[in-house]
Amino acid sequence: YDELKEKVFEHYDNIKGIVHCAGVSKYGDIDDMTKEDFETVYKPKVMGAYNLEKLSNNLTLDYFILCSSISSGMGQVNHLSNKLSVYAAANGCLDSLALNSNNITSIRWGQWLDGGMGNDESILRYIKLGILPVNPKDAIDTMFLGLKSHESIMTICPLDVTKLKHTYFERIASTTRADVTIKSYTNKEIVSILYKVCNDLG
């Protein structure tokens, strides 16, 4: 990290803020993914955030923003099953890092209009569920307003609550299985596991 830090600060002096925007979306359930698929999605988000956190330990920052996704809290729209999407899991790691830090904010973004990682098909799929696209100007204004609250996690995404109630949550209920046991972890345990995964991935 010393060599990397030297290269970073050689090009960027007096850093006051960090925004981590990396992301690769690859749809599919974990059971169907190869190790390469997993790393393609996981490394840019999780390893990127992990490295930036270590590199910025001694900096006094005005803000440190991790760009997460509503998939962290709501799952992938086209994979509402008992299996987690790797993309959603990677964003969940960003949220956990923020929760266990004093100066990091993780923003769970909805799908952006006129850009972003979504396409017309996925945006329409979300709209049918009641999860509306984010207008870029409104998103930025909301972000700056939200940062003043010093919350660890923010969600920026307009919702049609009535439609959401009768689509998304009903589908969640219909896919819940009584025979599935879910292990619960504390945030500190999640971060400990995250660091181990990052070290293993190298």
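Which residue is the bridge partner of His-20 in S2? The partner is Leu-66. This is a predicted model. Its open sheet has 4 strands in the order S1-S2-S3-S4, paired in parallel. The largest nonpolar core has 10 residues, and the structure holds 1 aromatic pair.

**Sheet**

- S1 and S4 form the edges of the sheet, each with a single partner strand, so one side of each has no neighbour in the sheet.
- On average, neighbouring strands are turned by 20° against each other, direction ignored.
- S1 pairs with S2 in the parallel sense, over 4 bridges.
- S3 and S4 also run parallel and are joined by 4 bridges.
- Arg-108 stands opposite Thr-155, a residue of S4.
- Strand S1 covers residues 17–20. Ile-18 and His-20 make up its covered face, while Gly-17 and Val-19 make up the uncovered one.

**Helices on the sheet**

- Helix H2, residues 35–55, lies across S1 and S2. It runs at about 165° to S1.
- H6 packs on the sheet and touches S2, S3 and S4. The direction of H6 makes about 155° with that of S4.

**Nonpolar cores**

- In general, nonpolar side chains of soluble globular proteins tend to be buried together.
- The members of the largest core are Ile-65, Cys-67, Ile-107, Trp-109, Val-134, Ala-139, Met-143, Leu-147, Met-154 and Ile-156.
- Four elements give two or more residues to this core: strand S2 (63–69), strand S3 (105–109), helix H6 (136–147) and strand S4 (153–156).
- H6 supplies the largest share, 3 residues.
- Another core, of 9 residues, lies apart from this one. Its members include Ile-18, Leu-61, Leu-94 and Ile-104.
- Ile-18 thus appears twice here: in that core and on the covered face of S1.

**Contacts of Val-134**

- Val-134 belongs to the largest core.
- Leaving aside neighbours within four places in sequence, Val-134 is in contact with Gly-110, Gln-111, Trp-112, Leu-113, Ala-139, Ile-156, Cys-157 and Pro-158.
- Among these contacts, Ala-139 and Ile-156 are also members of the largest core.

**Aromatic pair**

- Trp-109 and Trp-112 form an edge-to-face pair. The centres are 5.2 Å apart, with 65° between the planes.
- Trp-109 counts as buried because its relative accessibility is 9%, under the 20% cut-off.
- Trp-112 counts as partly exposed because its relative accessibility is 24%, which lies between the 20% and 50% limits.
- Trp-109 is a member of the largest core, and Trp-112 is in contact with Val-134.

Terms used. Residues are numbered from 1 along each chain as its sequence is written. This is a predicted model: local features need pLDDT of at least 70, side-chain atom pairs count only at pLDDT 80 or more; totals for chains, interfaces and linings use all residues. Side-chain values use heavy atoms; hydrogens and water are left out. A nonpolar core is a set of buried Ala, Val, Leu, Ile, Met, Phe, Trp, Tyr and Cys residues joined through side-chain atoms within 4.5 Å. Buried means under 20% relative accessible area, exposed over 50%, partly exposed in between (1.4 Å probe, protein chains only). Contact means heavy atoms within 4.5 Å. Two strands pair if DSSP finds at least two bridges between them. Axes are lines fitted to C-alpha atoms, for helices over the stretch in contact, and angles run from 0 to 180 degrees between N-to-C directions. Rings of Phe, Tyr and Trp (its six-membered ring) pair if their centres lie within 6.5 Å; planes under 30 degrees apart count as stacked, over 60 as edge-to-face and the rest as tilted.
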